[in-house]
Amino acid sequence: MTFKELGLAEPILKALEAEGYTHPTPIQEQSIPILLQGKDLLGVAQTGTGKTAAFGIPILHQLYEGISLRQTKRKVKALIVTPTRELAIQISESLTAYGKHTGLRNTVIFGGVKQGKQVNALRGGVDILVATPGRLLDLMNQGFISFRDLEHVVLDEADQMLDMGFIHDIKKIIAKLPPKRQSLFFSATMPKDIVELSRKMLGDFERVTIKPEQATAEKVEQGVYFVSKANKPKLLIHLIKENPENTLIVFSRTKHGANKIVKKLDQAGIRSAAIHGNKSQTARQKALSAFKEGDLKVLVATDIAARGIDVEDLSLVVNYDLPNVSETYVHRIGRTGRANASGIALSFCDKEERAYLRDIEKLIKQSVPRMPEHQFVDADTPSDDQPMPPKKKQGNSRNKNRNRPGGNNFRGKNNRNTSRPKKRNDSSRSE
Ligand code: AMP
């Protein structure tokens, strides 16, 4: 299947070609035909699957086809609501790229910055509006936005919106949209509240599911180090120093934890930056740009801030803390291995996180391969189900260093020849 076979308008095909997209990803292949028929859609999929283009392309196509009907002043005909500023900016950039030959205009609005510029952009007229819920509702209430001409609405990352407490804002926004519209609803997971919300929002819909375990199992190589809390910084520093060419995102469960990691790395002479909710929008954008440009190799992020971050050539994701919500693990490791690329995700698991690891393995229906023993093991580190190499005789210093992570580097994009995370029943025993 090619994009041409999906029957898309020529200007869109031209833009996709320029983007280097040759074939639709599974979610695109399944969703685009449904959406081109004007039907509603429930998409169960995470970012990294090509979701943005799956909804963006058919919306652009339909708006482009209806262009001759358009009145002189542009009116908002499509609305995309997404939880974070980073994600909103990214969606807007993708729409600009896919729609660059269509003459359609989009703009993005989000909180944390002054509203003046956003209001001016709206006054100038836009076809597609990408927004985070809080600022959207605010500007709607101030009378800056009219949805009288709205034809398409997308609710993106619905489960994340729920986690972030946006559910009431979302309900208020939906209540103000014209009932005759095409509605798209995307969520990585479908807890009860989300199912209810989707029922309220969608009419007669079709469902497309891209299983997270497919995405993780197929594309991302995984590994877990058992390491005590106290030794996590040392192991991280060691991994970074052993693989200086690689770009990596380090995930921390808390904002405070993220700041602490940056400090530890700084003390070790490694430049990094944290992005999380307590950082200003400007600081977050600056860190993200430096990271995307390759000026900064290490980004330390909390889950919410990192949702939707799309960085090409991201070699490695490190789960410095294991998430207590298993789905979050899938989101995190999806930062690497975007679209058709492969990636590596390494997790640090301390004694208290063992239960989280078990939950994650249950969700992804596979065991995360255990990384070989490393020099930062200490008394706090459980090692019951590691593929322990045979016990070395005491005082055998040659063997001591054999299983250090440095000798078992992850295979980064610039480091193809180093060894992979070992499978649980892999034969590190035979050494
Ligand atoms: P998304 O899930 O929308 O965040 O997309 C993940 C990444 O996949 C982005 O970097 C897109 O540019 C890329 N992408 C989306 N669709 C395709 C495609 N058909 N071929 C190649 N890359 C794609």
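## Helix α6 and a six-stranded parallel sheet

In this predicted model, helix α6, which spans residues 133–141, has Pro133, Arg135, Leu136, Leu137, Leu139 and Met140 as its buried residues. These buried residues pack against the strands β2 (78–81), β3 (106–109) and β4 (128–131), and also against the helices α5 (116–124), α7 (158–163) and α8 (167–175). After α6 comes Gly143, a residue whose phi is positive, near 80°.

Another part of the model holds an open sheet of six strands, paired in the parallel sense and arranged in the order β8-β13-β12-β9-β11-β10. Because β8 (220–226) and β10 (272–275) stand at the edges and have a single partner strand each, one side of each is left without a neighbour in the sheet. On average, and with direction ignored, neighbouring strands of this sheet are turned by 20° against each other.

Within the sheet, β12 (residues 316–319) and β13 (residues 343–349) form a parallel pair over four bridges, and Asn319 has Ser347 in β13 as its bridge partner.

Two helices that contact strands of the sheet are set out below.

| Helix | Strands touched | Angle |
|---|---|---|
| α11 (residues 232–242) | β8, β9 (248–251), β11 (298–301), β12 and β13 | about 155° with β13 |
| α13 (residues 281–293) | β9, β10 and β11 | about 145° to β11 |

Helix α11 thus packs on the sheet with contacts that include the edge strand β8, while helix α13 lies across a group of strands that includes the edge strand β10.

Conventions:
Residues are numbered from 1 along each chain as its sequence is written. This is a predicted model: local features need pLDDT of at least 70, side-chain atom pairs count only at pLDDT 80 or more; totals for chains, interfaces and linings use all residues. Side-chain values use heavy atoms; hydrogens and water are left out. Two strands pair if DSSP finds at least two bridges between them. Helices (H or I, at least four residues) and strands (E, at least two) are DSSP runs, numbered from the N terminus. Axes are lines fitted to C-alpha atoms, for helices over the stretch in contact, and angles run from 0 to 180 degrees between N-to-C directions. Contact means heavy atoms within 4.5 Å. Buried means under 20% relative accessible area, exposed over 50%, partly exposed in between (1.4 Å probe, protein chains only).
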